[in-house]
Amino acid sequence: MLFSLRNLLNAATLRKSSKQLVRHFRSGQPMQTNVNLKGRDLLTLQNYTAEEIKYLLWTASDLKQRIKDKGEYLPLLQGKSLAMIFEKRSTRTRLSTETGFALLGGHPCFLTTQDIHLGINESLTDTARVLSSLTNAVLARVYKQSDLDLLAKEASIPIVNGLSDSYHPIQILADYLTLQEHYGYLKGLTINWIGDGNNVLNSILMSAAKFGMHLRVATPKGFEPDPNIVKVAEEYSKEYSTKLFFTTDPLEAASGANVLVTDTWISMGQEEEKAKRMKAFQGYQITTQTGKQAASDWTFLHCLPRKPEEVDDEVFYSPRSLVFQEAENRKWTIMAVMVSLLTDYSPQLQKPTF
């Protein structure tokens, strides 16, 4: 696809701006913390406390500065192996996990349904027990959340949700790290979700209030998030004194928001619903008009891959868009997850203000 000169200039500005936006934190001796995640599963952020999620972001910031900025070599996962089970295709999840695990000295093993007998010639129970004896952890990108739950039940090693139809926790960690780097804090920010009530939104609902962030959601009628997940999110909102708002009007939801977020309207496995969904989501494209309803410092996130009907080029390639910084942070956050679940590593970076 050929882009206009304006879009190319916007993209160059975005790359320059992204470099300037990253905040660097002081480092020193390993910091003391009461959080210990070694041996845990990561199936949904609902199972993690506010301090535990903050610890993962702290570790991600630490690894990013030490490895990327300072050029240190940290073979923290040397001698360890990771089984990567992928029922769905992927760019960012696969590359961030493979390159990140290898950068830390470990050995990632990529497995599709064509490579193993997952639930076909071998039960999930047997697969979980076999992988537990051959690898140190499993990252699984699957359709059904129940498959992840069963793997976690039967495995004796950590199971990490690389994406399911219900949740996408490792994506949200990258989103929060990106916002932390840009704004310097998370507490008090207002996130606006415009789009489908999908797994990414579910993960935000399970975690945003734990940072003191407010959430405004716009979904078309019939595409709302799971009512059970909404109920939990409402309880979190009360517990952490945050605001949670739902509507079908995108511009109403964008009012006063610091962060505009959307995702694909048609997830993998929903291709047959394309015509129905495209009709239902008319008027949900994020544009500069959407941004005019937001706070003056608004930014834009999208977990990618992106389609123009979800957000126009003027927003997507603008300096307000943090999507490529967000994509890179998938690597540093999944590295933080693996290090936290598999080692006794303690960050040297001073803990950021959340």
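Four strands of this predicted model form an open sheet in the order E2-E1-E3-E4, with parallel pairing. Strands here (E, at least two residues) and helices (H or I, at least four) are DSSP runs numbered from the N terminus, and two strands pair if DSSP finds at least two bridges between them. The edges of the sheet are strand E2 (107-112) and strand E4 (159-163), each of which pairs on one side only. On average, and ignoring direction, neighbouring strands of this sheet are turned by 20° against each other. Such angles are taken between axes, which are lines fitted to C-alpha atoms (for helices over the stretch in contact), and they run from 0 to 180 degrees between N-to-C directions. Residues are numbered from 1 along each chain as its sequence is written. Because the model is predicted, local features need pLDDT of at least 70 and side-chain atom pairs count only at pLDDT 80 or more, while totals for chains, interfaces and linings use all residues; side-chain values use heavy atoms, leaving out hydrogens and water.

Within this sheet, strand E1 (residues 81-86) and strand E3 (residues 137-141) pair in the parallel sense over five bridges. Phenylalanine 86 has arginine 141 in E3 as its bridge partner. In general, strands of a sheet pair through backbone hydrogen bonds, either parallel or antiparallel. The edge strand E4 also holds leucine 163. The phi of leucine 163 is near 150°, a positive value in a residue other than glycine. Most residues other than glycine have a negative phi, and most peptide bonds are trans.

A further open sheet consists of five strands in the order E7-E6-E5-E8-E9, again with parallel pairing. Its edge strands are strand E7 (244-247) and strand E9 (299-302), each pairing on one side only. The average turn between neighbouring strands of this sheet is 20°, direction ignored. Strand E6 (residues 214-218) runs parallel to E7 and is joined to E7 by four bridges. Arginine 216 stands opposite phenylalanine 245 in E7. The loop between E9 and helix H12 (313-316) contains proline 305. A cis peptide bond, with omega of about 0°, joins leucine 304 to proline 305.

The helices may be followed through their crossings. The axes of helix H2 (residues 50-69) and helix H6 (residues 169-183) come within 10 Å and cross at roughly 65°. H2 is therefore roughly perpendicular to H6; angles under 35 degrees count as roughly parallel, over 145 as roughly antiparallel, 65 to 115 as roughly perpendicular and the rest as oblique. The crossing of H2 and H6 is right-handed, the term for a near helix turned clockwise from the far one by less than a right angle, whereas an anticlockwise turn is left-handed. Contact (heavy atoms within 4.5 Å) is made by Ile53, Leu56, Leu57, Ala60, Ser61 and Lys64 of H2 and by Leu173, Tyr176, Leu177 and Glu181 of H6. The residues of this contact of H2 with H6 comprise seven nonpolar, one polar and two charged. In this division Ala, Val, Leu, Ile, Met, Phe, Trp, Tyr, Cys and Pro count as nonpolar, Asp, Glu, Lys and Arg as charged, and the others, Gly among them, as polar.

Helix H4 (residues 124-134) and helix H5 (residues 145-154) have axes that come within 8 Å and cross at roughly 50°. H4 is therefore oblique to H5, and their crossing is right-handed. Leu124, Thr125, Ala128 and Arg129 in H4 meet Asp147, Leu150, Leu151 and Glu154 in H5. By class, the contact of H4 with H5 has four nonpolar, one polar and three charged residues.

Helix H3 (residues 92-103) and helix H13 (residues 323-342) likewise have axes that come within 8 Å and cross at roughly 50°. This angle makes H3 oblique to H13, and H3 passes H13 in a right-handed crossing. Residues making the contact include Arg92, Phe101 and Leu103 of H3 and Arg330, Trp332 and Leu342 of H13. The contact of H3 with H13 divides into eight nonpolar, five polar and three charged residues.

The segment after H13 also takes part in a salt bridge (a side-chain nitrogen of Lys or Arg within 4 Å of a carboxyl oxygen of Asp or Glu). By this rule, the count comes to 13 salt bridges. In one of them, lysine 38 pairs with aspartate 344, the closest N and O atoms being 3.2 Å apart. Lysine 38 lies in the loop between helix H1 (5-21) and H2, and aspartate 344 in the segment after H13, so the pair ties together parts that are 306 residues apart in sequence.
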